[in-house]
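User: Please go through this model with me and set each label against the rule behind it.

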Amino acid sequence: MANLVTVTKDSRIILKVGGIGAGILLLIYIFVQGGVLFKNIFFPKPPEPPKEALGKLPHLKFPTLGTPGILFTVNTVDGTLPSLPSKVNVYKLVKAEPNLLALDSAKHTVDSANFIDNQTKLTDTLYQWTQPKSGAVLKYDIVTKNFVITSNYLQNPALASTNLMPAEDSIKSDIGGFLQTLNAKVTDLDIEKTKVEYLQMQGNSLVTAQNLGMAKYAKVSFIQKSVDEIPIVYDNPNDSQIKFVVSYPGGSFQVLEGEFYNHEPDMDKSSDYPVKTAAAALEDLKSGNAYMINPQNLTSVDITNVELKYYLNRDSSEFLMPIIMFTGINFTAYVEALPASSLSN
């Protein structure tokens with residue numbers, strides 16, 4: 001029978017052998033992990049190629065294309081073009097489905113906003129109504145629920161605010177209630193970034209008010225939420241296609257003009273696609289293959305910034321697609337971000 005001394009010796013031997021074995025296993029683990037780390041540092045695994053699961057995509061329909069011949073100089077902070085992401089997600093846009101009750105539903109909606117007169121059919125989906133008190137005209141798409149409001153408020157002083165304009169938060173609340181009345185889709189709007197600009201009449205146009213006491217109108221501009229932390233821009237990079245001019249004649253809130261073109265991305269329907277390099281996009285820009293906003297007809301432009309953005313316009317109907325935006329002083333240009341191999345002919 002083993003005595004206590006024998007058991008103790010055996011236990012020490014087992015512990016010693018076990019410790020040596022554990023140490024060997026630890027060394028093997030460190031060696032393997034070190035090899036993996038070495039391989040990842042010096043021989044990294046190439047990234048997964050973009051899936052391009054949505055197939056060939058259509059070319060973006062810019063309002064116009066520029067012309068070649070402008071001299072472009074890269075004048076960014078470090079004097080070089082940035083490294084853009086190698087791939088980006090393209091999203092399908094939420095598609096509104098027509099139904100037989102669309103007109104009846106739309107009529108009930110616009111009635112709630114007091115657009116009750118002169119129902120007129122403009123197209124199969126676009127109808128027009130008039131607001132009797134202000135004379136404002138609403139053109140409303142009964143399927144997409146996008147709309148435009150116009151009025152002759154610049155020639156009608158009775159539609160100007162008669163009291164001191166409310167604070168920005170009150171104006172935002174009023175326009176938010178108006179959009180809710182018109183059943184407008186607002187879930188993808190970044191309400192925190194809504195802009196309110198106070199305006200006054202100067203000649204036959206509106207300009208920024210010198211002070212709140214001079215303000216008779218306000219412009220409210222909405223911004224859609226960024227997608228994958230990439231901002232959305234429209235035909236005018238400094239403006240929105242979801243915006244309104246409002247006033248308070250007799251202290252009562254009134255929408256005088258505006259447009260609501262909200263094309264919402266479907267976050268469940270997307271695929272990644274390759275992105276051109278900034279250098280390749282610059283070559284497109286030099287050749288005039290870009291949408292250029294060049295109000296001063298500059299022939300020489302210093303490029304101060306290059307960024308990846310998403311682009312939408314009023315006619316967008318299929319996809320939320322990326323652009324590469326070049327910015328300079330009094331100059332902006334949009335270049336398609338996807339290479340030709342990803343686009344249909």
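User: What makes Tyr140, Phe147, Phe178, Phe222, Phe244 and Phe260 an aromatic cluster?

Analyst: These residues form one aromatic cluster because rings of Phe, Tyr and Trp (its six-membered ring) pair if their centres lie within 6.5 Å, with planes under 30 degrees apart counted as stacked, over 60 as edge-to-face and the rest as tilted. The structure holds 15 aromatic pairs. This is a predicted model, in which local features need pLDDT of at least 70 and side-chain atom pairs count only at pLDDT 80 or more, while totals for chains, interfaces and linings use all residues. Side-chain values use heavy atoms, with hydrogens and water left out, and residues are numbered from 1 along each chain as its sequence is written.

User: Why is Thr332 called buried?

Analyst: Its relative accessible area is 11%, and buried means under 20%, exposed over 50% and partly exposed in between (1.4 Å probe, protein chains only), so Thr332 counts as buried. Leaving aside neighbours within four places in sequence, Thr332 is in contact (heavy atoms within 4.5 Å) with residues including Pro237, Tyr291 and Phe326.

User: Why is Gly203, in the loop between strand E7 (195-202) and strand E8 (205-208), called exposed?

Analyst: Gly203 has a relative accessibility of 63%, which is set against the limit of over 50% for exposed, and therefore Gly203 counts as exposed.

User: How do you know that the buried residues of helix H4 (residues 278-286), Ala278, Ala281, Leu282, Asp284 and Leu285, line one face?

Analyst: Seen down the axis of H4, the buried residues fall within an arc of 155°, so they line one face of the helix; the arc is that of the directions from the helix axis to the C-beta atoms. Helices (H or I, at least four residues) and strands (E, at least two) are DSSP runs, numbered from the N terminus.
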